[in-house]
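Visitor: I am new to this structure. Please take me up close to the aromatic pairs, and show me where they sit in the whole.

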Amino acid sequence: MSVTSPAGPSQATVETIKQKARLLSIYSMMSTTAAGSGHPTSCMSAAQLMAGIFFYAMKFDPKNANSNNDDRFVLSKGHAAPVLYSALAEAGVFPVSRVMTLREFSSELEGHPTPRIHGVDAATGSLGQGLSVGAGLAIGARMDKSDTRVYVLLGDGEMAEGQIWEAAEFAGHYKLDNLTVIADVNALGQSEPTMYQHDMETYRKKFDSEGFATEVIDGHDVSAVLAALDRAKATKGRPQAILARTIKGHGFAEVAGKMGWHGKPFSKEQLARAIAEQGGTPPVVPPDPGKSYERKPLPTPPDFPAPPAPEYEAGKVVATREAYGFALKRLGAVNPHVVAVSCDVKNSTFSEFFGDAYPDRFCQGYIAEQNMISVGVGLAARGKVPFLDTFACFHSRAYDQVRMAAISRANINLCGSHCGVSIGEDGPSQMALEDIAMMRAVHSSAVLYPSDAISTERLTETMARRPGINYLRTSRPKTAILYSKDEKFPLPGFKVPRQSAQDKVTVVGAGITLHEALKAADQLKSQGTAIRVIDLYCIKPIDGKALAEQIKATGGRLVTVEDHWPEGGLGEAVLTALAEAGAAPSKFKLLAVNGMPHSGKPDELVDAFGISARHIVDAVKKVSQ
Ligand SMILES: Cc1ncc(C[n+]2csc(CCOP(=O)(O)OP(=O)(O)O)c2C)c(N)n1
C-alpha cells in the first residue's frame, strides 16, 4: 500500500489520493444517512488526511490488518468511525456494502470503533486516549526492534484533554520517531468552537515544546498532506505532529464550517446535493450480504513455561507489594512478552526489581496514570503482557481508561499497592478504599487480593496468563508467609487456613484483614470458640457454591472484614455470590472501614476504623448469639 517516493508524490498519485478522499467523504455521508445518526461532518474534515495516511503513507495489509510487521493507525477522535470504516473498506478489509450497515444491531461496525474488527487496536470514543494507545504501540514496536510506524488522528476539541499532553510528553521524552500525530484542526467542537479554533501556532508550539517535529498544513490540500507525511516518515529522533487546518463538513457548502452540524446525519436530499457538489452521482453500493467481519478470536496472552517456585525463608515477613516485584522479575525470565510501566512509584510497588533486571522491557510512566493505562492497551495490542502499577488509590484517576481498556478487549494487568488504612502515616489521600468496588465493576475483570508473599507470586503469574483486565491489590505492611511454595491458587478460589468440625462462624478476610482474622481465631479459641477463617484471595470471580458450603458448615453465620469502604467491596461481593448460589447467610456482619481515616500507625488505624481482631471477635460473638 505504501507508495512514498523520495522525490515526493507524483501528480498521478495526488490525483489517486484525491479520488480516495472523495470516496471516504461520500461513504461517510452515505452510511450516516442510512444509519440516521453519526458524525458526517467530523469525517469530512478528515477525508484527505485519512486518504493520505491509508493509501499513501501506511504499510498496511488488509488481509492481516493488525500485523506487527506493518504500520498501525489509531482513530483517537472515535466518533469519526465512518471515515475509518470507509478507509478499511476501500483498502479491502471488508466490502463497502458493510460500511452501509454502520450502527446496526447485527453489524460489527459500531458507532465508535472497537477491536471487534480488523484494523482497530483499541476502542476509542472517550476522547483524549488515542495518542497514548499510539505511544504504547510505538514503544512496543521499538522494544521489538520493528520498523512499524504508528499514525494517530486527533481532533482539535479533544486536545483540551490533559491525557493528550501526558501522551505527548511521553512520546517526546522517549523520542518515539515511529509515531506521527495528525491533528484535524477544524475549529469546531460539539457545542461550540474549540478553545484555540484555527490558532495553528498555539498547537504547533505545544507539540514543539514536547519535542515533536511539527508542521502546519492545509489539511484539504492533498499534495501538502502527502508531502508532510513523507517528511514525517523521514524524521529521525523525535515524534512528529502534522497540524492540519481543516473545515468541518468540508465538501458540502451548506454545512461546511458551520455550527450546529456536529453529530447530525444529512437528509437524503442533502446527501444527494452533497455528492453532486463533490462532482458526481452517488456510487452504486450493492446490498450488504450480511456476512460478519467480526475479528475472532481476539488476541490472548501468549503461553509461557512455569517460572521457578517462589522461595522464602521460613518465618520471614514480607509485604505483598514486595512479593509482586519478585514475581515480576521471575516472570520476566520465562516470558519475554512481559513488560512493565510504573508511574514514578517503582520503588514503592517494587516493579523496580523487574526494571533493574530487564531495563529494555521496563518503562517509566512518570506521574501520568491515564497515559500509563492507555499505553498498556497499545502494548497489549502488540502482543505484550503489560503490568501497570501505581498506588491503588491513583488507579481511580484512570478509571475511564480502564473502562475503555475493557471495551478494547485488552489484556492488561494492573497492580495497586498501598491499599486501605493499613498504609498508616501517609494519611487518607494515599489510601485506596474504593478500588475493589471500582475494579469489580469492570467487565471481564479479575480482582485479586493476596495475603502473603507466596500467593502474591502465584497470582501474578496467573495474571500473565489470563485474558482481560486483571487487578492485583497489594499491601504496604510486612505480613507472615502463610503458604508453602507449591500451593496452588486457582481462579475462582479461596483458602481455608483455619477450620474444625466445631466452627461456629465463618470469617472471610483478605490481605491485612486475613491476618487480623487469624489473630481473632486465636483469641476466640482461648475462650473456647472455634471459627473458620477464609482467605478470599480472589474477590472476582467467586465460586459462590463452594463458599456457601463453608458457611453452611458454620450454621450459616458469616463475618466479612475488609480494609475498604463497605460499598462494593469484599463483603458485598461475598453476599452477592452467596445469594446467587441460593445460600444467603442466616446471620451476618460486614466489617469495613467505618469513618474517614487520618494519619497514624497501621495497627492504630486498623483498630480505630473497625477492622482489627478485636472488632472481629465482637462481630463473631454478635452473630453467634
Ligand atoms: C471524554 C469525552 N467527552 C465528551 C465527548 C462527547 N463528544 C463527542 S465528539 C465531541 C466534540 C469533539 O470535537 P473535536 O475533537 O474537535 O472533533 P470534531 O470537531 O472533528 O468532531 C464531544 C464533546 C466524548 N466523546 N468524550
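**Aromatic pairs, and what surrounds them**

Guide: The chain has 625 residues, and 60% of them count as buried. Keep in mind that this is a predicted model. We start with the whole, then move in.

The chain folds into 22 helices and 19 strands. Its radius of gyration is 27 Å, close to the 25 Å that the globule rule gives for 625 residues, so the chain is as compact as a globular protein of that length. The C-alpha trace spans about 90 × 45 × 45 Å along its principal axes. For a sense of that span, take two residues. Asp-221 and Ala-530 are 309 residues apart along the chain, and 80 Å separates their C-alpha atoms. Asp-221 sits in the loop between β4 (213-218) and α9 (222-234). With a relative accessible area of 33%, Asp-221 is partly exposed.

Now consider contacts. Count those with a separation of 6 or more: 79% of them join residues 24 or more positions apart. The outside can be summed up too. The accessible surface is about 22800 Å², and carbon and sulfur atoms hold 52% of it. The chain carries 66 positive and 67 negative charges, and their mean positions lie 3 Å apart.

Now the close look. A pair of aromatic rings is described by the distance of the centres and the angle of the planes. The chain has 18 aromatic pairs. One of them joins Phe-54 and Phe-73. Their ring centres are 5.2 Å apart, with 65° between the planes. Planes over 60 degrees apart count as edge-to-face, so this pair earns that name. It ties together distant parts of the chain, 19 residues apart. Phe-54 belongs to helix α3 (residues 47-57), while Phe-73 belongs to strand β1 (residues 72-75). Both Phe-54 and Phe-73 are buried.

Compare Tyr-324 and Phe-387. Their ring centres are 6.4 Å apart and their planes meet at 50°, so this pair is tilted. It links distant parts as well, this time 63 residues apart. Tyr-324 lies in helix α11 (residues 320-334), and Phe-387 lies in strand β9 (residues 385-391). How buried are these two? Tyr-324 has 0% relative accessibility, so it counts as buried. Phe-387 is also at 0%, and it counts as buried as well.

Go back to Phe-54 and Phe-73. They are part of one aromatic cluster, together with Phe-55 and Phe-60. Follow Phe-55 outward. It is in contact with Lys-20. Leaving aside its neighbours within four places in sequence, Lys-20 is also in contact with Ala-51 and Glu-90. Lys-20 is found in helix α1 (residues 11-35). At 22% relative accessibility it counts as partly exposed, because buried would need under 20%. Another residue to find from here is Ser-86. Along the chain it is 66 residues from Lys-20, yet the two C-alpha atoms are separated by 9.7 Å.

Further along the chain, look at helix α15 (residues 399-407). Its buried residues are Gln-401, Val-402, Met-404, Ala-405 and Ala-406. They pack against three helices, α7 (162-173), α14 (369-381) and α16 (435-440), and against two strands, β10 (412-417) and β12 (469-473). Just after α15, Arg-409 takes a positive phi of about 55°.

Other backbone details deserve a stop. Arg-103 has a positive phi of about 70°, although it is not a glycine. Find it in the loop between α5 (96-99) and α6 (130-143). Its relative accessibility is 30%, so Arg-103 counts as partly exposed. Tyr-366 is another residue other than glycine with a positive phi, near 50°. It lies in the loop between β8 (362-364) and α14. At 39% relative accessibility, Tyr-366 counts as partly exposed.

Last come the cis peptide bonds. One joins Lys-296 and Pro-297, with omega about -10°. Pro-297 sits in the loop between α10 (268-277) and β6 (317-319). Another joins Lys-540 and Pro-541, with omega about -5°. Pro-541 is in the loop between β17 (538-540) and α19 (544-553).

Technical notes
Residues are numbered from 1 along each chain as its sequence is written. This is a predicted model: local features need pLDDT of at least 70, side-chain atom pairs count only at pLDDT 80 or more; totals for chains, interfaces and linings use all residues. Side-chain values use heavy atoms; hydrogens and water are left out. Helices (H or I, at least four residues) and strands (E, at least two) are DSSP runs, numbered from the N terminus. The radius of gyration is taken over C-alpha atoms; the globule rule is 2.2 Å times the number of residues to the power 0.38. Buried means under 20% relative accessible area, exposed over 50%, partly exposed in between (1.4 Å probe, protein chains only). Contact means heavy atoms within 4.5 Å. Accessible areas come from the Shrake-Rupley method with a 1.4 Å probe; for residues, only the protein chains shown count as cover. Lys and Arg count as positive and Asp and Glu as negative; His and the chain ends are not counted. The place of a charge is taken as NZ of Lys, CZ of Arg, CG of Asp or CD of Glu. Rings of Phe, Tyr and Trp (its six-membered ring) pair if their centres lie within 6.5 Å; planes under 30 degrees apart count as stacked, over 60 as edge-to-face and the rest as tilted.
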